[in-house]
Every structure is written in C-alpha cells, then in structure tokens.
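Thanks for coming, everyone. Please look at the model on the screen while I talk. I will go from one spot outwards.

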Amino acid sequence: MLHEILTVILLAPLVGAMIAGLFGRQIGRAGAHYSTIAGVAISAVLSFYVFWLYVFQGATEYNAALYTWMVSDGINFQIGFMIDKLSATMMLVVTFVSLMVHIYTIGYMDHDEDYSHDNPYYQRFFSYISLFTFSMLSLVMANNFLQLFFGWEAVGLVSYLLIGFYMKRESAIQANLKAFLVNRVGDFGFILGIAVVFVYFGTMDYKEFFAQLTTQKDVMIEIIPGVEWSMITVMLILLFIGAMGKSAQMPLHVWLPESMEGPTPISALIHAATMVTAGIFMVARLSPAYELSEVALSVVLITGALTAFLMGLLGLIQNDIKRVVAYSTLSQLGYMTAALGASAYAAGMFHVLTHAFFKALLFLAAGSVIIAMHHIQDIRQMGGLKKYMPITYWSMLIGSLALIGFPGFSGFFSKDSILLSLQATDRFGADFAFILLMMGVFVTAFYSFRMFFIVFHGEESEYVKTHKIKESPLVVTIPLILLAIPALLMGLPMIEPMLNGSYFAEAIVIKPENDTMMWVYNNYFHGALDMIIHSFVTLPVILALSGVALAWFMYIKQPNIPGKLKQMCPRGHYVLENAYGFDRLNEIVFVNGTRKLGQFFTRWVDVKLIDTGMVTNTFMAIAHSANGLRRTQTGYMYHYAFVMIFGLLGMLIWVLW
Amino acid sequence: MSFEQFIFYVLAAIAIISGLMMITVKNPVKAALWLVLAFISTAGLWIMAQAEFLGLVLILVYVGAVMVLFLFVVMMLDINMAILKEGFTRYLPIGALAAIAIFALMYMVVGPEHFGLDKIAAPAAKPADYSNTTEIAIPLYTEHAYAFILAAVLLLVGIVAAIALTLRRRPSGTVLYQNIEKQNRTEKSERLEMVKMDAVVEQPAAEDKEEEKK
Amino acid sequence: MNFVIPSFAPAIPEITLLILASLILVADTFWSKRFQNATYYATQASLLVAGYLVLSSFSVEQVFTFNDSFVRDSFADVLKLFTVAITLGIFLFAREYLVQHRFMSGEFFVLGLFGVLGMFVMISANNFITMYLGLEIMSLAMYAMIALRKYDGVAVEAGMKYFVLGALATGMLLYGFSMIYGATGTITFPEMKAVIASGEADGIVLAFGVVFVVIGLAFKMGAVPFHMWMPDVYHGSPTAVTLYLGTAPKLAGFAMVYRLLYEAMPGLVGDWQQLIIIISILSMVIGSIVAIAQDNLKRMLAYSGIGHVGFLLLGVIAATDDGFSAAMFFIIVYAITGVAGFGMITALSRTGFEFDRVADFKGLNAKNPWLALMMLIVMFSMAGIPPFVGFWAKIVVIEEVVKAGFTWIAVIAVITAVISAFYYLRVVKSMYFDKSEIQGPVEIISPALHWGVSFVAILLLALGLLPGSLIDLCYLSI
C-alpha cells in the first residue's frame, strides 16, 4: 500500500505537467492550472500522510525498487524509493510549498506584457513548475545515486527553463545561461564523485554503499603520482562541489542572484525553498559517509561560513527587492552548510525546513508587492506601502522576523541550534566560522529590516503617490497566510526532537564524538520556552535586535546617513557593488579564456582535424565504397552464382588449410 | 583390374563425358539426350553398388517419364541456346580455375585418403534372394513415415505452386462473346454521340524517369 | 520387424495445420468466386488454431517422436508461437495490398500457410531429412509467392533468381549433409552429437561437410557472400511477399542454425565458429555500407536485413547457451521490427503506387505526423537507439560475443551499427525536413492497418522499455 502511495506521490505532478504541457492549447488556462494543482495537491495530501506515518507513527524505513531499467555488469539501474524521516519531511516541504506556489501563480502570471494572450505561456509555466515538483520529489525520494543524479539534473533543467522564462529579455537569457554553466561546473564534480562511488563501491544503491563504508574507509588513491589521498575524502569533496553548485556556495554562487530574472513564484519555489537546498539534503543523506572524513567536513564548514557572511554583506546595498531576498537566501544557505560541516546535520536540515517556509513567504510577499507596483522591483520607488497592503505587510514582517531569528519564530530555533552546535565543535576552522556566522546574524537583521522599512514605512515615493496601489487578490494572499503559519510556529514543537536527535533518528548517522547537537541538548537545553526567555540575554539575539535598530535609525530616523557613508568609504561600496569581483573574475578568466580556447579548438581541431580530416573523409570513404560495392550487384544471376562458388572455394581453403 | 572395376570405370567415364557434353552442346534437344545417357550410366553404377531398385527407378522415372516430358517441352518451345550461353567463353578460364580448385579440394577429402577401403570396409555381397525393395520399403513406411508424408506435402506444394504460376484464369466479365442478334438490332443512337469541343493541343507528357534498379 | 506406432501428440499443431491448409486449398476453389475474403479469414483462423494448440501443449521438456525425427521443446514452442503471431500480422497487412494491387488470390494465403507448416517442421526437425524437407516446403511456397503476380516481369525475375540460386544452395546443403552422414553414420542430431564427441568420425570429412552446411545456412539467412539474391528478391517481389520473406522465415532459419550447429555439431565448433566469424563480419560491413547507396526502401531494408544477420551471428559465434538465447531474442525482435517496417510500406501502398522509395517518405511529417512518428520508431529501433527494443537486441548479442572473448568483433559490430544509423536516419530526415513530392494526402486506406502499424511500432517502444520478460523467455527456452 505504501508503495502505491509513494508511486502516486511521485507521478501525480508528472501527469499534471504532461497534461498542461502537451495539451496546453486544448485545455486552456483554467484546465492547465486545475490539472497541475490537482496533481500537486494529491501529492501534498499523500505526502502529509507519509509524513504523519513516519514522524508521528515512527514507521520503519522503507527501501524498495519501483522499476528496474536495466542490469548491466551487475549494476542495477533502477528507480526506487528510500523513505525515512528525512525524505518524508522533505517531501512534505516540497509538495506543500509547491502547492502554495501553484495557487499563487494563478494571480501572479495572470497577464504578461511579453506575450500575447493566446500564447500558451501560462500553461507552459504551470507545466514547468509541476515538472519541477516531480523532479524534486524523485531527487528526495531516491534510493540510489543514479536517480539522485537524474533528479539533480532535472531540477537544474527546469530551473534553467524558468530563469529564462521571459525569453524575450536579454538579461533573462544571460541569467539562465549563467545558471546553467555554473551548475555544470558543480555537476562535473558531482558526477566525478558518483564515478568514484561506482568504481570503489561497485554499486549505486545508498544502502549497499553505506554498508561498504567501513571496509572502504582507509582506501588511498593517487591522483597526482606520489601524493596519496583518502579516497573517501576525495569522493566527498567532489560530491560537495556538486552541492556547492546547486546550493550556491562560494565561489559557485554567482548564478543565484541573477536567477531572480525568473518569475517570482519560481524564485520562491526553486531558488529559495526547495532546489537550492538539494545540496544540503544530499550531504545530510550521505551523513554516514561525511562522518568519516574530518577534512571534507572542514571544507564544508569553512565554505558555508564564508558564504553566510560575505553574501550577507552584499545584501546591504541591493536596491532590487528580489535581490535583497536572494542574497539573504545565499547567506542562509551558508548557515545550513556550516551546520553540516559541524556535524549538526539535523540542525542544517531543520534550518532547511524553517527557511523553506519563511523564505517562500518572503518571496511571495515580495511578489505581492511587485504585483501591486506593476512589476517595478526597485525599493527606492516604493515606500509607505503598509497602509495599502496590510496582509502583505504582516506576512513580510513575520517572514523577516523569522529570518533574523527573533525569539519564538521558527528561524530562531534553527539558527540558534546551528550557532550552538558550532560552539560545541572543535573541528578545524570552527572558531573562525563561528565568528563569521555571528557577524552574519547582525548583517542579516540589518539588511532585512532595511528593505522592510524602506518598502513599508519610508516616505511615499512619487510612484506610490501617483499610482493606485492596492492589496493583491485572494489567490495571492491565501498562500501568504498559509505559509505564515509554519514560518511563525513550526520551530517551537520541533526544537527538542531535533536537538536530541530523535527527530531524524536513524536517517542521519553521526559518530558519537561528533554529535554536537546532543552536547548542546545536554548542556544548554531546558525546554523550548526556556530557550526563548533565555535567548534575550544571548549574543545572537542581541546582535539581531541591534541590527534592526540600526536599520531603523539609518533609514527611518536619519535617512541621510547611508548616502554619507557611501561618500565616506567609496572603496568599500565599490567592492560590494561589484560583489567582490566574482563576476569580473569569471568574465576575464573563465569566459574570455574559454572563448579563446574554444576558438582555437574550433578552428584547428574541430574544423580541420575532425570535420575535414576525420568526418568528411570517413564519410567520403564509406560513400565511395558503398557506390563501388553496389556495382557488384549486377542483377545477373550467373554473377551471383559465381560469387557463391567463390565463397565456397574461399571457405573450403580456409577450413582445410 | 577385375572385370567389375573395368565396368565401373567405363560407366563412370560415360557419366562424366555425357555430363560435360550436356552443358556444352548448343542444341537443347541434344543436351537432353546427353542427360539421358548420364542418367543411364549412373543407374548402372547404382546397380553395381547393389542398389538395383534405385537404379531401376532412376531409369523408369527420370529417363522414362521426366526426360520425355522435358524433351516435349524443349522441342515445343523455340529456345535459342546460343544466346543463353553468351559469355560462356568469357568466363570459361576463371570458371575452369574455380572448378579445378574445388575439384582438388574435394579429391583431397573424398578421395581414398578418407574413404579408402582401409577406412571403410567394402560391404559383403548380398545373397541372391536379398530384396532391395523390402529393405527400402520397411524403413520408408515405418521409421521415416514422417519424412515420407512431408515429402508428399512438398509435392503438393509443388503442384499448387505450378498451377498457381501457370493457370491463366480470366476474371469473369472480361471475356467478350459475340452476340449477333444484338449486333443486328443496334441503332445509331446507341453507338454514336456528337460532342462539340474546342480544339485542344496536347502537350507531350514528360517521360517518367526510369527508377534505378541496381 | 518390431515397429511401435509413434506418438502423434507432440505433432498435433503440425498435423492440424496440414489438414486445415489442405481443406482451405480445396475450399478456396469453391468459395473464392462468391466470398472474396473467405480464404483470408479461414487462413487467419487456422493460424490461431495452430497457435492455440502450441500454447495449450507448451512443452518444457524435450519430447521426441516419429523415431526421433521430430523434437518438441520450449525453444521450438516459443519460436512457433512467434512465427504464428508474425504471420498473422503479415496476412493482415498483405490482404489490403493484394486488393489494392489487383491480385487478390487464395493461393497467396494457402501457400503462405504451407510455408508456415514448413517453418514448423524446420523448427521441430531432429534429423537431416526432416530439416531438409521442411526447408524445401517453406522455400517452394516462397518461390511461388514471389512470382504469383505472373504478368509482373520484375517479380517473375526475382522468383526465378531465388529459385535457381536457392537450388544451388540447397544442393550444397545436401552435399554437406551427405558428407556428415558419411562420417558419422547417422542422421539424427543427438546421435550425431554423441558420435562427434566420441572422436570416432573423420575430422577432415566433417570439416568439409560443415563448410557446405554453413553455406546452405548462410544462403537461407542471406549472409555475405551468399546474400546476392536478397536485394533483388526483396525489391522485385510484391511488397506483401517481401513482408513475408523478410520476417517469419528468419525465425525458422535461426532454428535451423541452432539445431544444426549447436544441437547436432557442437563438437565441430572449432570449424564452424571461424566460418561464422567471417560471414558475420562481412555481412555487417557489406550490409551497412551498401545500404547507404540505396534509393529504394525495400532494397535498403534488404541490406539492413543482411547487416542484421551479421549481428544475429554474433550470438552464434559465442557458441554458448546464452549466446544462442541472445541470438534468439535478436531474431524475434528483428522479425517484429521487420513486420513494422515492411508493414508500413505495404500499408501505405495503393493501386498503381508502391510507396517503396525513400523519396516517397519525404515530408511525411507534414502530411501525416502520426505515421511519421511510427516510422521514426521503426527506424530508430532498427538503428538500435534506446529506448527502443532494437537497442536491447543489439546489446545482448554484443554482450555475449564479448563474454566469449571476441571483443574485436564487438568493436567492428558497433562501428557498423554507427554506419548503418546513417541510412535509417536519412529516412527520418526525409520525413521531417524535406518537402513532400506527392500530391494529395498520405494515409493508410484501411483503419485496421493504421492501428496495426501503430500497434507494432508502439510494441517496439513498449518492449524497449520493458525488455525483461522477452529476454528472460529466450534465456529460459535454450
């Protein structure tokens, strides 16, 4: 029974996507959104049932194959499910957020200047997001690396399609190309990692892979002659490079801010709530392996901490409402990654969950503002929107408070448990990471509320004064309200099982000496309410509140300070404005270098050697021999008989001699 | 050389020579007659190998029935063998070479080295009352009954094929009969119709390209 | 003389088929004038009956009867079932063609039915004589079917060529049989195997005989250099007959290869393996290269068939149970694909228009996208592109030949597969990117055939997605 339910969960969005995508013109707009929403709703309801079964009923782990495509040389290529608390939770998050986004999209995509009304862009959009849901589900439900990789690439593909959804805009095309290429770099590492798994473990299946870890953990490999590396470490770092691409960790983060060229619902679903957390999920899923390599975990930890702080700083100077949220996403992904690096997988996943809800909420609220502003995204043109859009205002406030970790909100619990676990670990780089993350808390609070104050409280701009601004329709606000509830409340009941490890239980494996969360639980934790009360005297919350206060002071009380600051240290502003020069570096080294290399290969290797030398000449040779050989088919019977006789003669000689 | 051996070589020589003549003579009737001679000498060889029944059947069926029928056909059809054999001399050298090579190989295998008396002993002579016919008949109708029936099916298919390929059945309705009474009673109005037409100059139709066959 | 009447039970399908075929032969002369389709329906019904009889008495054990001249095993039953299924399809497609081209005649179906009987006999043959008789029954029926349109010079020429060359090949086959009989002193296969294994038979004579036997087999399967008849015969025959020639007899031909080489003469593997390697490589190379130069689709498919035989023989080269199982899977898949490919031409052909040139398929996508898609599936499957079943067929035989240690042959096979992809894709390119030269619509006249073509093509996709059961069936039956 469970098997059938899981199959339906996986396939329902695919069916919806196929109906909307293949028969979009026939079924019309309403048909497209009803069919896809129905598919995702079925998935969401059943996912909830599965979640209930696993998290509340404590069902045992389910691992089975759905379909075996082929068996080659003893390796099974199959589609299968591995369902435990980890994947059940992710399934619920994915389907729930996706459902909200589907509903929201009805309002958001209602009309579009880029397309005429009879263009089925609307159906196409629904088809894509349903397809995305299917891909993401197949990623999280996978029981083997092959399916993981399939889901991984499929979500990447849909992400590419959706970033470039406004295909008539130059910037959207540039952005989706960038996302695609940067992800290619990550995927290259990822597939190499899978190749290492395949070579050394001879299996694609998670369970078999985990079972062999103990026997394989001391294997050394020589990539550069003379230098030996631990195979496990190499494999894990390669896999993590994949995660860096998908979860936008430095230096592969450059695509995520630009992905904001896509429609806002997509930014909420793919580039905030679900797809970008795939890397985090993958690392958590492979926790038994990551536990075996201190080096790999240190790399993860430092990468995450750097991303969290440096990307947060960039959020300070953004003026595009979606970009502010995008940089906060980058920063929060850094937190999650850092948590993984501290062996606090559960904390990282916890933050994935809370972040999924409050970030989707923030994005959808931002989208709601954008709808009201008739697709203007510059926050300098907004201001004083509070009185026009109360629902959006309140949901944005809840989202922002959750984001900065205001005590009691969901983000508070997850972020605090990350910070506490970092304190607990003594892994290489942990102190450094802890300091970065602490500063990150302040920065996060500052830029979130900077945007919040400018948009909702600041002085009304010319645009707001001259245009009619009104609250968005119900299809937009209902998802906001539904998302605000978990963003507000979900941390409280979950913190205790998360910390003491009972939530994910056997789905995440941690070595006892690395179990930082348990240490936190034993030494600091005295109940969720106690945590809230106690928090007001701890550093993170003080930092967060001072960030809010500073934002208020600088943008409401004394709005001329930012301009002066900019004048005072132009160099600092310049660095931030250019995002530390990553884009410049990429352009000069990688883009131009690659282009030069490409030109060389095109001109000499491709055109001369391969095209002319090999392809054309081979083809000519075959064509000539074909024409020559067809002449032997003369049509005369005695010629044919002759050939047979000579065949006989040749064979007799061959055998008898 | 015993008398038996002498007879064997004579018959064998006749069989080979008549076979060669059969494929080289120009006149088809003569070729058929040479074939008859080849059959007869082969029948003689079989009889020497104590397969009297088969030898007689060869003469009765092949010489007596098949070849006579064949001669009728050949004589009734005017086939010009000279044309059919065009190119014969052109391919003779290479053909002969192949033939000799194959013969050499066959001689190596089928020759005395592998089928000599030291390898396979000569069968003992059968007594005078030994019945060839019974010896063939009993396994034919018992052990090989299945094959025997299959051979019958094969002949049936042959008959069906021959009839299907040669029977010229006119589809009913296309055969025309003369109806004199109707012809006499016919009137002008039934046969003739006056039509007014503009002068039309017909364009010569472009010849369809012959499809490449080879 | 003690003679026990043999058990008829194992041969019930053959006996029934013979009786029904003979009845239809006689009945056809009576009812053909009044009911045009009576013979057709009777033929299909007989096939169904024969298929049912095979299925209902499906045999897992080897059963011998008629003094060991007949064998019934799961190998035979599986092949017979596929022969019946494929012939049903052939007749379905052929009827409309015969009507369209004005030579609808009962003889076609009767001869076809006798041909199936011949195939059954071959598949179940357990000695040289029955093997030979089955082969001749089948071949004779085919010669006649080719020339059935007796006013069509090309068809008659094709029939004549096939007949004469076939006689030559049969002569060689019989010569080989007699050599092996001379060396072993037996005609039944299991005894022959035992005698050869004992080492008493003369090795040179056996090797000599094997050459002739292999040539006979190579001719019947259409392998290079005994393939010359195939393009002319496939091209010259009416398409309905080509459809028959190119599919069902291949199964029987494979059965003949299996029975003769693997059941009777596994001891001579050293001799025939080398010959098969040569034939196989030549077939793959010639088949794939010469097909490129063809404009006529039937001719192209003939060369493609030659190339496919080369692939089939890869499984034979392996000379193991698994190798023959792979070859069996391959040939079944090839026969089904052949029904789809030739069936497509047959179904599209109309009065006065054969629709068999590659150029006829130009722009098909614009005129009839569904048919173009079906043809695309057929072409992709033949080219061995996943996920269509042709891919699996190629991969299993290549896998077996690699397992047998002939990696270099596998490399050649893959290269020829790549070359052959060219001409399959050329058809696809014509359909999708060229402009049609035909006025008016392109469609299949009878809706039944439309669904028939679609069914077979989709079957190729379905089998490609779920190849497991058919592969298992083949691996279990040998």
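Start at Ala360(A). Which residues does Ala360(A) touch, leaving aside its neighbours within four places in sequence? The partners are Val97(A), Met100(A), Ala268(A), Leu269(A), Ala272(A), Ala273(A) and Leu483(A). Keep in mind that this is a predicted model.

Now widen the view. Ala360(A) belongs to the largest nonpolar core, which has 219 residues. Ala360(A) is one of the members that touch the most other members. Met91(A), Ala338(A), Ala346(A), Leu361(A) and Leu437(A) are the others in that group. Which helix gives the most to this core? Helix H15 of chain A, residues 345-372, with 20 residues. And where does the core lie with respect to the domains of chain A? Domain 1 is 1-143, and domain 2 is 144-577. Both give residues to the core, so the core lies between them. As background, nonpolar side chains in soluble globular proteins tend to be buried together.

There is another core, apart from that one. It has 218 residues. Tyr146(B), Leu25(C), Phe330(C) and Tyr334(C) are among them. That takes us to the other chains.

Chain C next. Chain C has 20 helices and two strands. Of its 478 residues, 63% are buried. Take the contacts in chain C between residues at least 6 apart in sequence: 79% of these join residues at least 24 apart. On confidence, the mean pLDDT of chain C is 91. 100% of the residues of chain C reach 70 or more.

Now chain B. Chain B has ten helices and zero strands. From the N terminus on, its elements are α all along. How many of its residues count as buried? Of 214 residues, 9%. For contacts in chain B with a separation of 6 or more, residues 24 or more positions apart account for 55%.

So much for single chains. Now the contacts between them. For the complex, the predictor gives an ipTM of 0.92 and a pTM of 0.68.

First up, chain C with chain B. Here 32 residues of chain C meet 20 residues of chain B. Which elements of chain C give two or more residues to this side? Four helices: H1 (12-31), H4 (106-123), H5 (128-146) and H8 (203-221). H5(C) gives the most, with ten residues. By type, this side of chain C has 23 nonpolar, four polar and five charged residues.

Next, chain A with chain C. The contact takes 21 residues from chain A and 24 residues from chain C. On the chain A side, helix H27 (582-631) and helix H28 (637-656) each supply at least two residues. H28(A) has the largest share, twelve residues. The chain A side divides into 15 nonpolar, five polar and one charged.

H28(A) comes back in the next stop, helix H9 of chain C. H9(C) covers residues 229-236, and eight of its eight residues are buried. They are Trp229(C), Met230(C), Pro231(C), Asp232(C), Val233(C), Tyr234(C), His235(C) and Gly236(C). What do they pack against? H28 of chain A, together with H5, H6 (153-184), H10 (239-245) and H13 (297-318) of chain C.

Last topic: the backbone of chain C. The peptide bond from Val224(C) to Pro225(C) is cis, with omega near 0°. Pro225(C) sits in the loop between H8 and H9 of chain C. Another cis peptide bond joins Pro386(C) and Pro387(C), with omega about 10°. Pro387(C) is in the loop between helix H16 (369-383) and helix H17 (389-403) of chain C.

Then, positive phi. Phe66(C) has a positive phi of about 50°, although it is not a glycine. Phe66(C) lies in the loop between strand S1 (63-65) and strand S2 (70-72) of chain C. Arg102(C) has a positive phi of about 60°, and is not a glycine either. Arg102(C) is in the loop between helix H3 (74-100) and H4 of chain C.

Buried or exposed? Phe66(C) has 22 C-beta neighbours inside 10 Å, so Phe66(C) counts as buried. Arg102(C) has 10 other C-beta atoms within 10 Å, so Arg102(C) is exposed. I will stop there.

Technical notes: Residues numbered from 1 in each chain as written. Chains lettered and ligands numbered in written order. Predicted model: local features only at pLDDT ≥ 70, side-chain atom pairs only at ≥ 80, totals over all residues. Buried ≥ 20, exposed ≤ 12 C-beta atoms within 10 Å, placed from the backbone. Contact = placed C-beta atoms within 7 Å. Core = buried A, V, L, I, M, F, W, Y, C linked by C-beta atoms within 7 Å. Domains from an automatic or database assignment. Nonpolar A, V, L, I, M, F, W, Y, C, P; charged D, E, K, R; others polar. pLDDT = per-residue confidence, 0-100.
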